[in-house]
Amino acid sequence: QAKGLGRNTLCYFDPDMQASVSANAAVGAALRVGLREKQFVVHYQPQVDRQGAITGVEALVRWQHPEKGLVKPADFIPVAEDTGLILPLGMWVLETACEQLAAWASREQTAHLSIAVNVSVYQFRHPNFVDMVMAAIQRTGIRPHRLKLELTESLLADRMEITIQKMGMLKELGVTLSLDDFGVGYSSLSCLKRLPLDQLKIDKGFVADVLTDPNDAAISRAIIALAQSLSLQVVAEGVETQEARDFLAYLGCDQFQGHLFAPALPIETLDAFLRNPSPDMMPMVVG
Ligand code: C2E
Ligand code: MG
Ligand code: MG
Ligand code: MG
């Protein structure tokens, strides 16, 4: 029966569901406090090229909760999306990333790095999204192509015309556009070629077993071939072993991100490494 009810109607027939509704309400209230009290932090996960040099990082938000400790995005991003709090949270991540890019721009060793920021559909659809991105770029004075926006395939489920138009406006600002978690959604190949994208990211779900599961290998191979034929860069996320990295490189993958190189790191750890790369700090080659 629950399905027939409206989105905002509480369902009193399923105690589990009701429990999760009130749990989400509690998380929503705590998120609001967290935003006000500045409990969020951005960690940065390196991305490396085929030579092993760091080309940039992905910004991944964490919630430094006073009692629960460091909370992962899976436990609060969905609630932030349902409550609309993803707008202020997402803007804060974007602003933080732009400030970091500005700080890196002043040093030769870090001036070339990019930062990828995840953008929820809800944020992208906001009428002022392009203006807010432009304001962040102007305020921090960064070179726009160093900022990479990671969009997801769910954007492509409907309203294609307006999505393409908005992506075009973002490209006019000069930012780089990436399609995250590629392969798990439903984007048709014909719609993909109409998008002003720069990059595809192979979802880590295909990367995890790429050496042992022939289906995952076939899908990864197809995504890389597709990206190459559309002149898009391709990044594999969730790369955990040297063997997987080598196989993906053999298939033609341009960049790699995963625990083989480094997990998402607090900015102090990352900055220390970028300043003084020592081989035992992270198992990563710096070219
Ligand atoms: P994503 O954008 O696909 O990010 C990649 C996720 O894979 C991250 O999880 C990262 O820590 C994890 N990962 C990277 N390498 C490995 C690996 O080798 N092995 C394994 N097992 N995992 C790896 P995380 O940080 O928990 O983030 C989960 C998701 O939350 C992200 O997936 C993204 O969709 C969302 N997210 C994170 N930060 C933000 C944000 O600021 N805004 C929005 N809207 N979403 C965010
Ligand atoms: Mg991402
Ligand atoms: Mg991803
Ligand atoms: Mg993912």
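Asp180 is buried, with a relative accessible area of 5%. Buried here means under 20% relative accessible area, exposed means over 50%, and partly exposed lies in between, with a 1.4 Å probe and protein chains only. Before I continue, please note that this is a predicted model, in which local features need pLDDT of at least 70, side-chain atom pairs count only at pLDDT 80 or more, and totals for chains, interfaces and linings use all residues. Residues are numbered from 1 along each chain as its sequence is written, chains are lettered from A and ligands numbered from 1 in the order in which they are written, and side-chain values use heavy atoms, with hydrogens and water left out.

Let me turn to the metals. Which two ions does Asp180 bridge? They are the magnesium ion (ligand 2) and the magnesium ion (ligand 3), and they lie 3.9 Å apart. Asn118 lies in strand 4 (residues 114-118) and Asp180 in strand 6 (residues 176-182), so this pair ties together parts that are 62 residues apart in sequence. For these elements, helices (H or I, at least four residues) and strands (E, at least two) are DSSP runs, numbered from the N terminus.

The magnesium ion (ligand 2) has as its protein donors Glu58 (OE), Asn118 (OD1), Glu150 (OE) and Asp180 (OD), at 2.0 to 2.2 Å from the ion. Donors are N, O and S atoms within 2.8 Å of the metal (3.2 Å for Na, K and Ca); water is not among the atoms, so sites may look incomplete. Along the chain, the donors of ligand 2 follow the spacing E-x59-N-x31-E-x29-D. Asn118 is partly exposed, with a relative accessible area of 31%.

For the magnesium ion (ligand 3), the protein donors are Asp180 (OD), Asp181 (OD), Glu237 (OE) and Glu237 (OE), at 2.1 to 2.5 Å. Their spacing along the chain is D-D-x55-E. Asp181 is partly exposed, with a relative accessible area of 23%.

Now to the organic surroundings of ligand 1. How many residues surround ligand 1? There are 23, and the closest are Arg62, Asn118, Asp180, Glu240 and His259. A residue is near a molecule or strand if one of its heavy atoms lies within 4 Å of it. Two of the closest residues, Asn118 and Asp180, are also donors of the magnesium ion (ligand 2).

Which elements each supply at least two residues of the shell around ligand 1? They are strand 2 (54-65), helix 3 (86-105) and strand 6. Strand 2 gives the most, with four residues.

The polar contacts of ligand 1 include three that I shall list. A polar contact is a pair of N or O atoms within 3.5 Å; within protein, one must be able to donate a hydrogen and the other to accept it, and residues adjacent in sequence count only if both atoms are side-chain atoms. A nitrogen atom of ligand 1 is 3.0 Å from an N or O atom in the side chain of Gln45. A nitrogen atom of the ligand is 3.2 Å from a polar backbone atom of Val61. An oxygen atom of ligand 1 is 2.8 Å from an N or O atom in the side chain of Arg62. Taken alone, ligand 1 exposes 800 Å², and the protein buries 83% of that; these areas come from the Shrake-Rupley method with a 1.4 Å probe, and for residues only the protein chains shown count as cover.

I add one contact within the protein. Gln123, found in helix 4 (residues 121-125), is buried at a relative accessible area of 5%. The side chain of Gln123 reaches the backbone nitrogen of Ser120 at 2.9 Å.

Finally, the backbone. Most residues other than glycine have a negative phi, and most peptide bonds are trans. Arg159, which is not a glycine, has a positive phi of about 50 degrees. Arg159 lies in the loop between strand 5 (147-152) and helix 6 (160-173), and is exposed, with a relative accessible area of 52%. Ser231 likewise has a positive phi, near 55 degrees. Ser231 is found in the loop between helix 9 (214-229) and strand 8 (233-237), and counts as exposed at 65% relative accessibility.
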